[in-house]
Each structure stands twice: as structure tokens, then as C-alpha cells.
Protein chains: 2
Amino acid sequence: MKIPKSPFYPKNFPEMPKIKGIKMAVAKAGIRSSDKNDILIMEFTQDTSVAGVFTTSYAASSNIEHCRKILHFGKARVLIVNSGNANVANGSAGYKAVEEIVNLCTDLFQCKGEEVYFSSTGVIGKPLPLDKMKIAIERAAKNLSVNLWEDAAISIMTTDTYHKMVTRKTEIDGVEVTINGICKGSGMIAPNMATMLSYVVTDANISARLLQQMLDEYVPISFNSITVEGDTSTSDTLLIFATGCADNEQVDSFDDPKFSNFKSILKEMLIEMAHLIVKDGEGASKFITITVKGTSSVLSAKQLALSVANSPLVKTAIAGGDANWGRIVMALGKAEIKFDKNKIAIKIGNVQIVENGELSIKYAEHLVTEHMKGSNIEIEVDLSDGQSKATVWTCDLTHGFITINSKYLT
Amino acid sequence: MKIPKSPFYPKNFPEMPKIKGIKMAVAKAGIRSSDKNDILIMEFTQDTSVAGVFTTSYAASSNIEHCRKILHFGKARVLIVNSGNANVANGSAGYKAVEEIVNLCTDLFQCKGEEVYFSSTGVIGKPLPLDKMKIAIERAAKNLSVNLWEDAAISIMTTDTYHKMVTRKTEIDGVEVTINGICKGSGMIAPNMATMLSYVVTDANISARLLQQMLDEYVPISFNSITVEGDTSTSDTLLIFATGCADNEQVDSFDDPKFSNFKSILKEMLIEMAHLIVKDGEGASKFITITVKGTSSVLSAKQLALSVANSPLVKTAIAGGDANWGRIVMALGKAEIKFDKNKIAIKIGNVQIVENGELSIKYAEHLVTEHMKGSNIEIEVDLSDGQSKATVWTCDLTHGFITINSKYLT
């Protein structure tokens, strides 16, 4: 089946700069098909710090279990990613596969098992073709390059219609540092710690502890604030690596003023990467921003916003260009967060539709109709019950989603 | 837009018998369109007992607020239902509409406001056309009939493709009693106390307290165990009325042995009515039964089963005839109920697919492929972690759902 390109297919992809302290290779193991690279290797310099967040799924892959187990060591030398097969629900063969790939890497790269990260993405319930993968990894490991970011981003794709890359430069205490990020994801997107596969690499010198602290701070408002269809992947992974080659003095404190630029840049990147995934959501024709404000806590605001973002009836209405605000009221009502329905206010495209729980007398329907025809839909809900707010992002639910997902295995 | 008939359109509708103690009328108020009856009146004899369950939505209609407020009186004389408009999110006009219709009924039927039940179903956020409705109710109230069950079932439909009626006869202590039920619902079905609109009437003499006890017992395993798309209606209502005209001695105890037939018949009816709604789910082509067993509590089993039932990826796979059991594993994993993934067992159509968390060596794929072509799909999950189980019912997610819901208002 040919998946049509997302209407948000980027006009330009960013030029990805080199990052000091990392080498890469991609390879074709023929895991699911033979016409694309499906193996990515990243080799990091000694003393590279690492932090990460993973899916909260109780059916997580053996890979996730391995990564979670080694994360507290805080050091990474190797990352292996394969696409085409998620290594989920493979029983003991799944654990064995992780062990064998990790052992192969400790030999090839002369490092410890706790420094080898391994992600798999693709179909669930099929054993990994280990022999093919090992041959591909061995061959590729002999041929590492300093800049292969675009190939890397392409090699991890599954149902994505475009590869996803983000890059920024900033400085820490006068030293220029670079941050590159790649990610993949299109379906099974309702991250609940991270989404699908995302890797961020910087040459900055930052402790693993601080890297983790930043992820814990920024993932809830980036990757954990997006949803495509409300299904949470068994493979969600976000890893960040800091090679330290930029030679800034190591940063270890979240509140270090020298570090404030880096923090805001990283936050911005994570949000941008999360948006790239939603915009490539399966069958997506519209990118939807939903803000709920006026709640007593950020968590309540987020739960309400996600209830709207995951409502199939809201999403199909938007696909059809209908400003069906009644469905927004319905989706708020089912979110299991108590509120006063007679205080609901709703704006779409910054036009007031609902005030005090009913249709606003000021409602200018033609303005909303015009907004609904566009590709970027903005919904704002105010519940007038506090000072907190949260924003989440999603896409619409279209015939494209049904077509893609009713034929995935065939 | 023309909605195609459900493939489960009943070959035969039941012949609905009279129920002693109730008269009915239907009328055309022209609420949303002028080509169908959109008002239903049921008048009950003096001393009719009533019990009910309602949506848990925090954006429930003013009608629900009224019904909830009067329920503890336990007596009903009148039920008014209108289709075409849900009277939700209408602010003070919504409350006023309920008050005016109730006042009209207390005049017309010489009863108290606390004996008048009023349900509305249809679009959200438009004021009820009160004048039209009052004229239609006044006219129809002069022309009540003893048996109009089919017209009644048709008058409450919105996006339903068929009307839904169930009838049974049983006996209490040697006295024959009849139970009739009608319901409507097709979209916005993820009931969380009851679903859309369902009305059950019996001539048995049963106290309101016992009626309520039966609903509290049986609704969780019938209406609250179905889902179409996971969206919870603002109007969910199930009311049961017992006119007492069958002249059995009044029953008031759930454990009265004379009452055991009635209880099991009522339970069966509620489940059958719930199934009729799922089978008429928007765009449904398959009826799916999901059982999760081997859990430590019924609630856990139900939460896991509903996570599978509400997964867009599971539902689209089934629409495509794909036995994509990996997505079932994913949906279990995201349910926020802890389990051991290495113990998961899954059967589809009674064929073992997964054992101990991986593909069973006994898996006979052709048998499952054959089962997936049918209209009735059966999924059973065993987590081997306890003795509890729960069954829920849903339908698949098809292009039909998208077509219906992206064009609802237009």
C-alpha cells in the first residue's frame, strides 16, 4: 500500500551540521523490506552523558526494559536502532535478541553492555531476523561517518511520510554548542513518557543528571502533549546524548544562569519535534492546537485538552471542516474532571463561540468557517475555575487513517 | 447525507405486546426536520415506580439534571422524549425549556413536576423550538393509544439506522408480567452510567428501590460495557418504569426467590438492548466481543477490555479483516493496569494465537483469517493473574464512521 504524503510535508529540510563526538552509519538488513536502510548505528565518544524517557506501556519491548535498566549509569557509547520490527511480544526470543545485539556491540566498539542503547520499531510479534541484523551491523560498523544525519532520520522511519530533523546552535558560557534531533512516528501516538523514537545529540558538556532533569521538565509539554489516535506505543523512546566535545565546563545545575539559553532552545526543539510527528500523523490533513485554561491545575487542564484531542467525534468533525463545538463540550464532559458547564467558554481560531456554557451572541460564524478550511486549527477552552492551563496538539481523523490502518499487515 | 443501513439491520422486528398501565403518543414537532415524528409521550398510571441511571458527563443536559433531581421520589406519570436536539449547552434557556415542558405536562396530565421525566437527544448547542414542541405535545396528549411501541422506538432515533425494541414475558409468583424496552444510540457511545436513551416498561408491581437496585446491578454488565468510539454522550439515560398493573404482590427484595426469573430476564434484555446499539454503531461492519480474564478484579478486567475496545488501531485492523494481535497487546499495555506481559494469552475466534506473551506454536492462521471475515469477532485475553473477568462489546472503525461524522452538521 502506498501512503500518500502528509500535506505538511516540509518544503525544506534543515541542513544538519556535524556534532563533535559522534559517528554514524546506516545499513540495509532487509528486516521488513529490502529497499530501505533499516539499521542505524551511532557511536559516541568516551564519557558521553545520556538521559531518556520511555513508554509507560505495560507491554513495552525487551529493548525498553534493557534501556531502562542501564539508564542510571548515565553513560552511552553506542545506539542501535532498527526499523521494520518492534521486538515486542516475542517472549524469551525478544530478550535474547537484545542480549545478542548488545554483546555484538560491546565486541565491535570495545565498551560495556551498560553503554549500549538499542531501540526497535515496526510490527509487533515477529522475531527479529538476528543473523541478517548482525551481518549488517558488523559491516556498517567498519564504515562510520561523521555526518549522516539525513540518512539516520530516514533509516528509522516506518509509516512516516517524511523524515524528521531539527537542529539548533546556542552557547553555554561563551562556548558554541550544537544540538541535533531526529525522530520518527506517525501512528500509535499518545505518548505517555515519550513518543516512538526520538534522539537528540549535543556536543555540549552536560551531566547525565541534568540531561534527565531537562527531559523530565520538557517532555510533559512536548512529546507527552501530542496525540494522533490515542494509542500508546510499546516502543516510545526519547534519548538525549551529550558528547561533551564542545569543551564547555560541565554543567550540572538546572538553575545555572549560563545554561538558560540551552534550556529554552532544547525545550523549543522538543516541541518542534513533537509537532513534526503530529503533522505526519496517519491520514492527517489538519494540525490542531488545543489549549484549556482556567483550571485549578495543569494536570486537569491537560486531561481535559487530551479528552478533546482524542475524541473521534471532534477529530472527524474537524476533518470535515465542521466547527462542531457541541462535540468539544461533550469531550470536556467525559474527561472525568469536574467543572461548571455553565462557565464554559470556547474560541475557535480566536473567535468566541461559546460563553457561559452557551452560544455567544457575538458569534461570527463565517470567521470560524473560514478558519476551519485552513490546515492549522486552534481551539481554546476557558473554564474560569483557576489560573492553570495546558496545550496539546493533535491531528484530524480522516479516511486516510482508516485506509492506512485497515491494511497495515496486508 | 444518506447513512447506509447497518449490516446488522434486523431481519425481523419483535411484535411488541401491550403493557397494562401505559398509553403513548408520537408527534411531529419539526425540531430538526419535518419528515419524522420527533416527540414521544408516555403516560403511566398512578403509582408507577421508576428508577434510572444517567450519564456521568460533567456537561450533561438540563434534562438530565431535572431527572436526577426527581428520581428519589420514585414515581412517574409522564415521560417526554424529543429527538433532533439534545438541549445541551443552552445555558439558562436550557433550564427554562425543561421547566416549561414539565409545567405543560403537569397541566395536561394533572400530576406533579416530580412525576414528569423529560429526555432530549440530537444536536448540541441549539435552543429547543419550544413553541413548536408545546403545540405538538398538546395535540398528541389528546390522542393517546395503548400500543404504539414501534412508533415510539422510531420517534427517538437520530443517526440510528434501525429502531431498537426488545420484549419478554415472565412471571412473578405465578402472575404473568410483560417487559418492553426501546432504545436509541449509534454514535457518542461509551456510556458511563447508561447509554443514550433507553426506556424499559413493565406491568409488574415492583418498588422503585428494587428497580434501582436491579439497574445498579445489571447496567455495568450491559450498557456500561459497550462502546462505539469511546465518546460519552451528554444525554445518556436509562429509565425503567413498573406500572404495577399485572397485580402481582409488590416485590421489594432483590433476593426474593419469586423474583429470580424476572431478574435474569431483565438482565438478558438490557444486554440485548446494549448489543442492538453497538450493532448499529456508526459505520459498523463487525460486532466485536472482547473478554479479558485472569485478572485480580472485575474492574481491572473491564478497564483492559475497554482499552482494547476503544483502540482506533485495533478497530481499524478488524475493519480490514486483519488479525493484528500486536495491536491488542499494545492496547492492553496502555490501559494503566499492571500485568505481566510474559503471561499474555490471546484467542481470536477461539483459536489460540498468543501464549506466554508470544506467538503460539500451535497458531493456525487460516482459522483466524476465516473468523476475521465474519461479522461477529470474538477476542479473549487471559492474563493469568487472578480469577476475575469482564466482557465488553464494540464495533469496528470504518470509512463509514468518518463519512457520517465529518458531515454531521452539513
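Trainee: Is B:Lys341 buried or exposed in this predicted model?
Mentor: Buried means under 20% relative accessible area. B:Lys341 has 16% relative accessibility, so B:Lys341 counts as buried.

Trainee: Which residue forms a salt bridge with B:Lys341?
Mentor: The pair crosses between chains. B:Lys341 sits in the loop between helix 9 (325-333) and strand 11 (345-348) of chain B, and the other end lies in helix 1 (residues 62-70) of chain A. The closest N and O atoms are 2.4 Å apart, and the partner is A:Glu65.

Trainee: Why does A:Glu65 count as partly exposed?
Mentor: Partly exposed lies between the 20% and 50% cut-offs. A:Glu65 falls in that class because its relative accessibility is 30%.

Trainee: How many residues apart are B:Lys134 and B:Glu100?
Mentor: Their side chains meet in a salt bridge, 2.5 Å from N to O. The pair links distant parts of the chain, with B:Lys134 in helix 3 (residues 130-141) and B:Glu100 in helix 2 (residues 91-109) of chain B. The separation is 34 residues.

Trainee: What is the relative accessible area of B:Lys164?
Mentor: The side chain of B:Lys164 meets that of B:Asp160 in a salt bridge (2.7 Å, N to O). B:Asp160 counts as buried at 7% relative accessibility. B:Lys164 is also buried, and its relative accessible area is 0%.

Trainee: How many salt bridges does a search of the whole structure find?
Mentor: Some residues are linked in a network of salt bridges: A:Lys96, A:Glu100 and A:Lys134. Over all chains, the total is 26.

Technical notes:
Residues are numbered from 1 along each chain as its sequence is written. Chains are lettered from A and ligands numbered from 1 in the order in which they are written. This is a predicted model: local features need pLDDT of at least 70, side-chain atom pairs count only at pLDDT 80 or more; totals for chains, interfaces and linings use all residues. Side-chain values use heavy atoms; hydrogens and water are left out. A salt bridge is a side-chain nitrogen of Lys or Arg within 4 Å of a carboxyl oxygen of Asp or Glu. Helices (H or I, at least four residues) and strands (E, at least two) are DSSP runs, numbered from the N terminus. Buried means under 20% relative accessible area, exposed over 50%, partly exposed in between (1.4 Å probe, protein chains only).
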